[in-house]
Amino acid sequence: MDEPALIQTAQRGDLDAFNTLVLHYQDTVFNTALRILGDEDLAEDAAQEAFISAFRSIHTFRGGSFKAWLMRTVTNACYDELRRQKRRPTTPLEPETHDGEEVDSPRWLADPNLTPDQQFEADELEHAIQHCLDMLPSEFRTAVVLADVQGMDYTEVAAAARVPLGTIKSRLARARLRLRECLRGFEELLPSTFRLEGESNS
Amino acid sequence: MKNFRDIERLSSFLDGQLSPADSARLEARLATDPELASAFNDLRAARGILRKLPSRKAPRNFTLTRQMVGLKPPLPRSYSFFRLSTAFATILLTLTFAVNLVTPRLSYVGPINTGWGGGYGGGPAAPALMEALPATEAPLAAPAAEMMPQPTLTADSVATELPTAKGMATPSELLDQPPALSQPSAAAPLETQSRTQSQPPIPFIWQMILLAAGILSGLTAFLLRRSASQKWK
């Protein structure tokens, strides 16, 4: 994929060229939105909104990392969604147990390659991490999702979040610190391979 | 618990964001400070767990359609010409109606006022004023003209109005004359008024031409747009 050429063509209003970029980045954009919002449906809406917004403002892209530029669009869409949620809080439609615990939705049980035990383990981990991510302030969450989940470097994260590099370093450190504390609370829920003590290298 | 400055340094070190000198200093401290080493391991573990989060595939394609982004079909250059001419013809047509509607009414207001003035002023002044005025509506002007001589046909008024007229009929003779004597002079302007009134300032044919031009250019613009959007789809 010749990304610069596609971007240039898309900047002239070519929707097909832009759609090629969409197909290339849609998983990344959706995952970022999912980790920031913690809800698949909202993430889907935010991802779509981000791509629409990106197409409309692609003429403002002045080079550099297109991924970072796209991530900025998706984080903005997520912040909009979070602001909307704050104004109109909603109750989840997930079924609950007698104890008021939320029952996992079938989307957590989607991977057919895992055994039921492995699937359960993975679901528990994902649920716990997402819970801890949800506990973070949105700007910390964005930093940690972009850097640690999406594997972007500091410069890209700073460009996407539109904050100085030093701020990103600080946010990342704080976010990791809080995540560490939060995940400690889930230690007995987490499978042994994911326990903090067990992580000796990354 | 280490201070936040240390945590920030450890976090940057974890991502390889420290300078070689700072990295060397921190590595030396990590070797001697178990609390710092423990904090570093925790940060690394937290980052490791985040990196193990499964990447989900997008549940559907997010490709955009032209409708989604509000793109409009590229229209031919002639489209804007026809659209402009439609608007222009419509404005002109409206103006012609407005002019034709307003002009008679404006001239209608004058004779009524002067008619009353003429009536009070006396019979002979009225026909002269009526002639001087532009054309007006006959049905409305005629009663005004009829009204004018009548108030003057009293003995008192005739006596006061025409006391100095030499060689003219006496008041009693004037009373004997029928009021119709003064009417022929007023009737002539009324006829011309009726004739001129039947022709509006902007002829009807021009309105028809403007209407036809507006409809034709509007239709052409519509067809151009439709064919462009069909081609685009």
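Reader: Let's start at the contact between two helices. Which residues of H8(A) do Tyr154(A), Thr155(A), Val157(A), Ala158(A) and Ala161(A) in H7(A) meet?

Author: A word on the ground rules before the names: this is a predicted model, where local features need pLDDT of at least 70, side-chain atom pairs count only at pLDDT 80 or more, and totals for chains, interfaces and linings use all residues. Residues are numbered from 1 along each chain as its sequence is written, while chains are lettered from A and ligands numbered from 1 in the order in which they are written. Helices (H or I, at least four residues) and strands (E, at least two) are DSSP runs numbered from the N terminus, and two residues are in contact if their C-beta atoms, placed from the backbone, lie within 7 Å. On that basis, the H7(A) residues you list meet Leu165(A), Ile168(A) and Lys169(A).

Reader: How do the residues of that contact of H7(A) with H8(A) divide?

Author: Here Ala, Val, Leu, Ile, Met, Phe, Trp, Tyr, Cys and Pro count as nonpolar, Asp, Glu, Lys and Arg as charged, and the others, Gly among them, as polar. Sorted that way, the contact of H7(A) with H8(A) comes to 6 nonpolar, 1 polar and 1 charged.

Reader: At what angle do H7(A) and H8(A) pack, and which word describes the pair: parallel or perpendicular?

Author: Axes are lines fitted to C-alpha atoms, for helices over the stretch in contact, and angles run from 0 to 180 degrees between N-to-C directions. The two axes of H7(A) and H8(A) are 9 Å apart and the angle is about 100 degrees. Under 35 degrees counts as roughly parallel, over 145 as roughly antiparallel, 65 to 115 as roughly perpendicular and the rest as oblique. H7(A) and H8(A), at about 100 degrees, are therefore roughly perpendicular.

Reader: Is helix H7 of chain A mostly covered or uncovered, and what does the buried part pack against?

Author: A residue is buried if 20 or more other C-beta atoms lie within 10 Å of its own, exposed if 12 or fewer, and partly exposed in between, with C-beta atoms placed from the backbone. H7 (residues 154-161) is mostly covered, with 6 of its 8 residues buried; Glu156(A) and Val157(A) are among them. These buried residues pack against H4 (66-87), H6 (138-149) and H8 (165-184) of chain A.

Reader: What comes after H7(A), and is that residue buried or exposed?

Author: H7(A) is followed by Arg162(A), found in the loop between H7 and H8 of chain A. Arg162(A) isn't a glycine, yet has a positive phi of about 55 degrees. There are 11 C-beta neighbours inside 10 Å, so Arg162(A) counts as exposed.

Reader: Which element gives the most to the largest nonpolar core?

Author: A nonpolar core is a set of buried Ala, Val, Leu, Ile, Met, Phe, Trp, Tyr and Cys residues joined through C-beta atoms within 7 Å. The largest one has 64 residues, and Ala33(A) and Val157(A) are among those that touch the most other members. The element that gives the most to this core, with 10 residues, is H2(A).

Reader: Over to the interface. How many residues of chain A and of chain B are in contact, and which element gives the largest share of chain A's side?

Author: The contact takes in 38 residues of chain A and 31 residues of chain B. H2 (15-37), H3 (40-56), H5 (116-135), H6 and H8 of chain A each give two or more residues to chain A's side. The largest share there, 10 residues, comes from H2(A).

Reader: How far should I trust chain B, and what ipTM does the predictor give the complex?

Author: pLDDT is the predictor's confidence in each residue, from 0 to 100, and chain B averages 72, with 58% of the residues at 70 or above. In chain B, pLDDT stays under 50 over residues 110-167 and also over residues 179-184. Where pLDDT is low, the predicted coordinates should not be read in detail. For the complex, the pTM is 0.61 and the ipTM is 0.76.

Reader: How many helices and strands does each chain have?

Author: Chain A, with 36% of its 202 residues buried, has 8 helices and 0 strands. Chain B, with 20% of its 233 residues buried, has 12 helices and 0 strands.

Reader: Is Ala221(B) buried or exposed?

Author: Ala221(B) sits in helix H12 (residues 204-232) of chain B and touches Tyr79(B), Phe82(B), Arg83(B) and Thr86(B), leaving aside residues up to four places away in sequence. Its C-alpha atom is 8.5 Å from that of Thr86(B), 135 residues apart along the chain. Ala221(B) has 21 C-beta neighbours inside 10 Å, so it counts as buried.
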